[in-house]
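Got your viewer open and a hand on the mouse? Load the model shown here, and we'll walk through it one selection at a time.

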Amino acid sequence: KEKKTKKLSEIKKMQDYLKDKQKRSGADFVFNIRTIAGHNVMNKISYLYFQVQPAIKYKQFMLALDLNLEVHASEYYESPYPAHEVGAVRKEEWSRLAAYPNKILFLSFGDEYETPIFIHLGRLHDYTLGNGFIIYRYTNSLYYPDMTKTGIQVKVDFNWIGAEAFCSDVVDLDLFGGRFILRPFGLTDYKNSIIGKAEVSYVFVAETDVYDQDRKDGDSYVIYDGSSKILAHSIDVKIPILRARSLSLGAYYSYARIFDKGSGHQFGVNGDFANGLLFYAVEFRIINKGYIAPIISQQWDAQKKLSYWGSGRNQTIMNHLTTGEQGYSIFIELKNSWFKRKMGFYLTFEMYIGGETKANPHLQLGFFMKRGVLSDRVALRLVLDKVQISSDNFLVFSNIFTYFTTEFSVVITPNVEMAVFYIKSFTEDFSGNGMSNELFMLETRITF
């Protein structure tokens with residue numbers, strides 16, 4: 001069964017370590033602790049950082065904390081950041097009560113795919129609801145490590161009926177949604193039959209504060225609310241058509257609408273070749289005036305605050321939803337993993353073929369290689385998300401249209417790992433406006 005990667009790699013590693021330790025020991029309760037020390041350069045400011053991540057697992061329950069301390073490694077006196085001397089502690093992560101829930105690395109109960117009840121509290125990554133016409137591959141960690149958010153995901157699934165819900169930030173409660181699922185034939189052998197997987201679902205998403213700010217007048221983790229809202233819902237239908245070892249094929253359709261704005265249609269087929277060698281999806285989208293698809297994606301927390309929408313790339317998202325024209329787009333997705341899920345990739349591409357250009361073309365590319373492929377000690381991960389692609393910026397990764405992260409790690413001993421990161425993402429300036437955030441990290445991880 002295909003499983004989407006919805007957790008950041010460090011969280012997945014910690015959870016896998018706990019599960020393996022519990023399996024080897026045969027105990028209901030296991031405990032471990034990971035310490036991380038390293039050096040990073042974030043927006044030209046140099047830090048030494050230390051993290052302690054204690055974790056426990058008791059049967060289906062898991063909890064891990066992320067306790068961090070960052071110290072300025074050099075003097076800094078350049079605008080727009082305040083002056084800092086060597087040895088000064090970065091206080092933003094501890095100076096406000098709203099920052100403390102983000103010290104939860106994860107809290108989870110159950111398994112997302114194997115148990116009828118699943119709860120996850122912590123960072124959300126690669127989160128999709130239904131067919132993905134409203135929310136697709138969303139992450140609440142776009143500002144990491146400058147600022148983090150603690151989200152929640154809850155899922156209940158009893159084969160023929162189910163529901164799930166999420167909130168991007170349990171402190172601010174601005175972005176949330178969910179869906180109700182009905183599988184009319186789900187009382188059959190749901191996981192192994194074709195007809196049992198046919199489903200109809202209702203999806204709703206609310207972004208109650210589009211221009212929300214996480215930083216105001218230099219203070220991080222503020223709750224500074226505006227008034228602009230996006231409320232959307234959709235009806236999603238999935239119909240399996242064929243399943244064989246050489247080919248599987250399904251069709252899906254969505255009708256979505258933003259209240260008081262516009263609507264859109266999504267027609268797609270998906271499946272896999274050669275018993276999972278390659279998963280695919282191809283969509284045709286009709287985007288009426290007042291709608292964008294998907295509304296919320298990986299870069300949403302920054303996109304919603306930037307004025308780069310529309311054919312002139314100078315509109316805010318709310319202005320664009322008011323003035324945007326009807327358009328048609330195609331969407332292609334390819335993904336897979338090999339060597340028992342030790343290496344894989346995903347690629348998505350969307351391009352408008354009629355109407356206004358909106359925020360496209362849009363490319364997402366991901367690749368991972370775990371230990372055991374090239375070497376038992378080496379791992380690699382890469383993610384690229386680029387919007388507003390044009391001939392003059394296709395190979396430019398430093399602009400505001402690009403999210404990019406790469407991680408290269410080497411195991412020194414079974415308990416010691418060294419890793420190098422480069423992250424090109426986003427944060428907010430001291431006035432709460434979206435801005436690029438570049439980060440280079442070199443760290444050592446020790447797990448007990």
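The tour starts with the whole chain and then moves to a few strands and a single residue.

**Stop 1: the whole chain.** Keep in mind that this is a predicted model. Show the chain as a cartoon and you'll be looking at 3 helices and 23 strands. Turn it around: the C-alpha atoms fill a box of roughly 60 × 60 × 40 Å along the principal axes. Is that what a compact globule would give? For 448 residues, such a globule would have a radius of gyration near 22 Å, and the chain has 22 Å, so the two agree.

Now switch on the surface. The accessible area comes to about 19,800 Å², and carbon and sulfur atoms account for 64% of it. Of the 448 residues, 52% are buried. Colour by charge next, and you'll find 52 positive and 49 negative side chains, with the centres of the two sets 7 Å apart.

**Stop 2: where the two ends of the numbering pair up.** Select residues 29–42, which is strand E1, together with residues 434–447, which is strand E23. These strands run antiparallel, joined by 9 bridges. To see one opposing pair, pick Thr35, which faces Ile446 in E23.

Keep E23 and add E22, residues 416–428. This pair is antiparallel too, with 13 bridges between the strands. Click on Phe426 and look across to Ser436 in E23, which stands opposite. Then follow the hairpin round its turn: 5 residues lie between E22 and E23, and Gly432 there has a positive phi of about 90 degrees.

**Stop 3: another hairpin.** Select residues 213–216 (E11) and 219–224 (E12), an antiparallel pair with 3 bridges. Gln213 sits opposite Tyr224 in E12. This hairpin has 2 residues between its strands, and Asp217 takes a positive phi near 55 degrees.

**Stop 4: one residue up close.** Zoom in on Leu365, in strand E19, residues 362–369. Is Leu365 buried or exposed? Neither, quite: its relative accessible area is 30%, so it counts as partly exposed, since buried means under 20% and exposed over 50%.

What does Leu365 touch, apart from neighbours within four places in sequence? Show Tyr346, Leu347, Leu382, Val383 and Leu384 to see its contacts. Finally, draw a distance from the C-alpha of Leu365 to that of Glu333: they are 32 residues apart in sequence, and 9.8 Å apart in space.

Methods: Residues are numbered from 1 along each chain as its sequence is written. This is a predicted model: local features need pLDDT of at least 70, side-chain atom pairs count only at pLDDT 80 or more; totals for chains, interfaces and linings use all residues. Side-chain values use heavy atoms; hydrogens and water are left out. Two strands pair if DSSP finds at least two bridges between them. Helices (H or I, at least four residues) and strands (E, at least two) are DSSP runs, numbered from the N terminus. The radius of gyration is taken over C-alpha atoms; the globule rule is 2.2 Å times the number of residues to the power 0.38. Buried means under 20% relative accessible area, exposed over 50%, partly exposed in between (1.4 Å probe, protein chains only). Accessible areas come from the Shrake-Rupley method with a 1.4 Å probe; for residues, only the protein chains shown count as cover. Lys and Arg count as positive and Asp and Glu as negative; His and the chain ends are not counted. The place of a charge is taken as NZ of Lys, CZ of Arg, CG of Asp or CD of Glu. Contact means heavy atoms within 4.5 Å.
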